[in-house]
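User: I'm new to this one. Can you walk me through it?
Analyst: Sure, here it is.
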Amino acid sequence: MTKYRTEEDTLGPVQIPADALWGPQTERSRNNFPTGQYMPLAIIRALLNIKKAAAQANMETKAISAEKGNLIVQAIDELLALSDEDLRKDFPLKVYQTGSGTQTNMNTNEVVAHKAHQINPDIEILPNDDVNKGQSSNDTFPTAMNVVALEALDKLKPAVQHLIDELKAKQDKYMKTVKVGRTHLQDAVPLTFGQELSGYVAALEHDLNYIKTLEPTLNELAIGGTAVGTGLNAAEGMPEKIAEKLSEVYGLNLTADSNKFYGLANHSGLDVVHGALKSLAADMFKIAQDIRFLGSGPRAGYGELNIPANEPGSSIMPGKVNPTQAEAVTMAALRVFGNDTVVTMASSQGNFEMNVYKPVLIDAFLESADLMAGTIMGFADKMIHGMTVNEERMEELVDNSLMTVTALSPHIGYHDSAKIAQAADKAGSTLKEAALKSGKVTEEQYDEWMDMLKMTNIDRKD
């Protein structure tokens with residue numbers, strides 16, 4: 001049988017599991033909002049760091065005694081040292097709660113206060129008056145949102161760069177490997193596979209630059225705005241000290257020099273940065289889609305690429321290999337597209353002085369960043385790294401393509417070139433046979449003009 005203790009908040013007594021570090025407000029939320037995923041632990045750790053910085057700032061401004069402040073810091077340090085599994089035990093609240101994140105802020109305050117009591121029961125630490133001193137959920141939670149978003153981007157950026165590096169290695173290796181081009185899903189003039197890959201690299205380099213360019217907007221913290229942005233009950237200088245201490249903890253250039261009314265009611269920074277994640281997801285979808293189609297087969301598809309066999313592809317068809325890494329990253333991209341709608345809609349709900357869609361907004365943002373980081377690393381290591389080219393198949397498709405006739409156009413004109421392509425298609429002959437039969441081109445001219453590598457503007461000597 002679970003044992004309980006009784007605590008009171010402003011609404012009355014609450015029965016709480018005896019061994020829980022949380023208090024009555026957490027218990028109410030735990031029972032009132034049981035649905036959905038747990039609040040990300042990144043948010044919890046960020047809030048703990050904010051509470052620690054606030055305690056230190058309050059001591060420096062003489063807003064709290066050193067005795068109390070140091071005990072709060074010690075309690076938080078012990079909590080931060082816990083593994084995620086152990087930390088989760090006392091942070092049981094869900095994302096789908098109050099839209100300000102107040103209950104998670106109070107969960108943090110209550111746990112810190114109870115941990116402080118365990119350390120030194122002779123000093124009374126109160127959740128609201130001491131741990132939350134000079135703060136409001138309305139400024140601590142959005143501060144935590146920006147911090148964890150920046151943390152997530154720091155994990156994503158190396159993954160994108162890693163994929164760029166893997167693609168560049170293949171780009172260099174296959175820069176003179178000619179293949180048929182395709183536009184509108186139809187045959188087009190040749191290019192090299194290295195050139196095709198260079199387009200992927202450029203797209204990802206742009207995406208990475210977009211993220212790096214936009215992310216500094218998240219350095220602006222809402223801390224110090226307290227309830228509605230006016231800073232009521234926050235000691236003078238406290239916000240700046242908190243931003244400074246958080247910058248040291250996270251290795252970021254955070255600032256409290258921001259408009260607090262904006263910080264509480266608007267999350268356009270998160271919205272615009274997530275837009276860059278959406279662009280990354282869109283480009284990843286295109287790249288993964290291309291790779292899996294070019295590797296389709298091995299005998300009834302394009303068959304231009306050989307993709308690594310990471311696991312059996314079928315429970316019924318022996319020997320089947322599927323492009324699973326491409327499937328994973330494209331599914332992740334779909335989730336990011338959906339999350340972008342969530343982030344955009346949530347960002348629009350800044351009614352009067354506060355946005356009340358904060359938890360779902362940051363949960364969606366973190367999911368997008370985490371999904372992209374993980375699936376991009378898998379795509380780079382388990383697909384691109386081991387991918388090879390089927391040069392014979394590429395050469396066969398180029399030789400059979402009718403669109404190489406484009407190289408004849410400057411010499412004999414567009415109209416006659418089109419007639420040659422149509423004649424070859426109708427007769428089922430090679431383009432060379434049709435060209436010679438037309439009488440418009442000699443064999444010597446054809447061999448000179450139909451240099452496939454030259455068509456790609458790649459110099460053989462390079």
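User: Which side chains of strand β1 are buried?
Analyst: In β1 (residues 4-9), R5, E7 and D9 point to one face and are buried. Y4, T6 and E8 point to the other face and are not. Buried means under 20% relative accessible area, exposed over 50%, partly exposed in between (1.4 Å probe, protein chains only). Strands (E, at least two residues) and helices (H or I, at least four) are DSSP runs, numbered from the N terminus.
User: Why the alternation?
Analyst: In a regular strand, side chains alternate between the two faces of the sheet.
User: How far can I lean on all this?
Analyst: This is a predicted model: local features need pLDDT of at least 70, side-chain atom pairs count only at pLDDT 80 or more, and totals for chains, interfaces and linings use all residues. Residues are numbered from 1 along each chain as its sequence is written, and side-chain values use heavy atoms, leaving out hydrogens and water.
User: New topic. How many salt bridges?
Analyst: The count is 22. A salt bridge puts a side-chain nitrogen of Lys or Arg within 4 Å of a carboxyl oxygen of Asp or Glu.
User: What does E60 meet?
Analyst: The E60 side chain meets K245 in a salt bridge, 2.7 Å from N to O. E60 is in helix α2 (residues 41-60) and K245 in helix α9 (residues 238-250), so the pair ties together parts 185 residues apart in sequence.
User: Are those two buried or exposed?
Analyst: E60 is partly exposed, at 43% relative accessibility. K245 is buried, at 16%.
User: And K157, what is its partner?
Analyst: K157 forms a salt bridge with E215, at 2.7 Å, N to O. Both residues are buried.
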